[in-house]
Amino acid sequence: MKRIFPYLLIGLVLLGFYYWRYKVPPSMDTAQINVKVSEQVKSVIELHDGPILVNFYASWCGPCMREMPSLQKAHDKGLFTVVCVTDDNPQLIEQVRNKFDLTFPMYQLDNSLKSYSIYTIPTTYLLNEDGEVVASMTDPREWDSEDFMNKAKDWLSY
């Protein structure tokens with residue numbers, strides 16, 4: 001038993017590291033989510049008023065692409081503005097927009113996803129009118145589902 005304990009402890013530490021790095025969204029100073037707009041760098045909360053759902057994605061990420069139609073439907077409901085951000089180049093952003101006929105804002109980050117400590121995509125933050133994070137999630141979701149929209153109303157205090 002004494003020989004197993006150190007290995008068990010190491011395993012638990014590694015599991016904890018994996019969980020916190022890949023399943024728990026990093027704390028985010030939303031004022032620092034900077035994107036490229038017309039050759040300038042601007043903050044996402046500087047560009048949009050009201051509640052915002054900020055989704056970090058990549059065009060090569062299958063789960064990210066599967067949730068794009070749901071993000072569009074959630075955006076169309078008008079509870080919040082969906083904003084997708086990526087470190088992909090502008091051509092890939094436009095390809096994704098055209099493939100799914102997306103109308104919500106999509107931006108190229110000023111830096112890499114890793115520079116924002118985003119190691120799992122999709123990673124999503126729901127911001128209230130003051131730009132404060134009220135919810136954060138990893139993994140894809142059905143953003144337009146009644147369950148999520150009700151939770152979002154609660155988080156946004158509607």
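Phe-80, Trp-143, Phe-148 and Trp-155 come together as one aromatic cluster. Keep in mind that this is a predicted model. Below is a quick tour of its aromatic pairs, one helix and what covers it, some unusual backbone spots, the strand pairing around E1, and a buried acid with no salt bridge.

**Aromatic rings**

- Searching the whole structure turns up 5 aromatic pairs.
- Take Phe-56 and Tyr-116: the ring centres sit 6.1 Å apart with the planes at 50°, so this pair goes down as tilted.
- That pair ties together distant parts of the chain, with Phe-56 in strand E3 (residues 52-56) and Tyr-116 in the loop between strand E5 (106-109) and strand E6 (123-127), 60 residues apart.
- Phe-56 and Tyr-116 are both buried.
- Trp-143 and Phe-148, by contrast, make an edge-to-face pair, at 4.9 Å centre to centre and 90° between the planes.
- Trp-143 is buried, and Phe-148 is too.

**Helix H4 and its surroundings**

- Which residues of helix H4 (residues 68-77) are buried? They are Met-68, Ser-70, Leu-71, Gln-72, Ala-74 and His-75.
- As a reminder, an α-helix has 3.6 residues a turn, so residues three or four places apart point the same way.
- The cover over the buried residues of H4 includes E3, helix H3 (62-66), strand E4 (81-86), helix H5 (90-100) and helix H6 (146-155).
- Right after H4 comes Gly-78, with a positive phi near 80°.

**Backbone spots worth a look**

- The peptide bond joining Ile-121 and Pro-122 is cis, with omega about -5°.
- Pro-122 belongs to the loop between E5 and E6, and Ser-117 is found in the loop between E5 and E6 as well.
- Ser-117 isn't a glycine, yet its phi is positive, near 60°.
- With 34% relative accessibility, Ser-117 gets filed as partly exposed.
- Asp-139 is another non-glycine with a positive phi, about 75°, and its place is the loop between strand E7 (133-138) and H6.
- Is Asp-139 buried or partly exposed? Its relative accessibility is 27%, so Asp-139 counts as partly exposed.

**Strand pairing around E1**

- Strand E1 (residues 34-37) pairs with strand E2 (residues 40-43) in the antiparallel sense, over 4 bridges.
- One of the matches is Lys-36, whose bridge partner in E2 is Val-41.
- The hairpin of E1 and E2 has 2 residues between the strands, and Ser-38 in that hairpin takes a positive phi near 50°.
- E1 also pairs with E5, again in the antiparallel sense, over 2 bridges.
- For Val-35, the bridge partner in E5 is Leu-109.

**Asp-88, a buried acid**

- Asp-88 sits in the loop between E4 and H5.
- How far away is the nearest side chain of opposite charge? That would be Lys-99, at 12 Å, and Asp-88 has no salt bridge even though it is buried.
- What Asp-88 does have is a side-chain reach to the backbone nitrogen of Ser-59, at 2.7 Å.
- Leaving out residues up to four places away in sequence, Asp-88 touches Tyr-57, Ala-58, Ser-59, Trp-60, Ile-93 and Gln-108.

Terms used: Residues are numbered from 1 along each chain as its sequence is written. This is a predicted model: local features need pLDDT of at least 70, side-chain atom pairs count only at pLDDT 80 or more; totals for chains, interfaces and linings use all residues. Side-chain values use heavy atoms; hydrogens and water are left out. Rings of Phe, Tyr and Trp (its six-membered ring) pair if their centres lie within 6.5 Å; planes under 30 degrees apart count as stacked, over 60 as edge-to-face and the rest as tilted. Buried means under 20% relative accessible area, exposed over 50%, partly exposed in between (1.4 Å probe, protein chains only). Contact means heavy atoms within 4.5 Å. Two strands pair if DSSP finds at least two bridges between them. Lys and Arg count as positive and Asp and Glu as negative; His and the chain ends are not counted. A salt bridge is a side-chain nitrogen of Lys or Arg within 4 Å of a carboxyl oxygen of Asp or Glu. A polar contact is a pair of N or O atoms within 3.5 Å; within protein, one must be able to donate a hydrogen and the other to accept it, and residues adjacent in sequence count only if both atoms are side-chain atoms.
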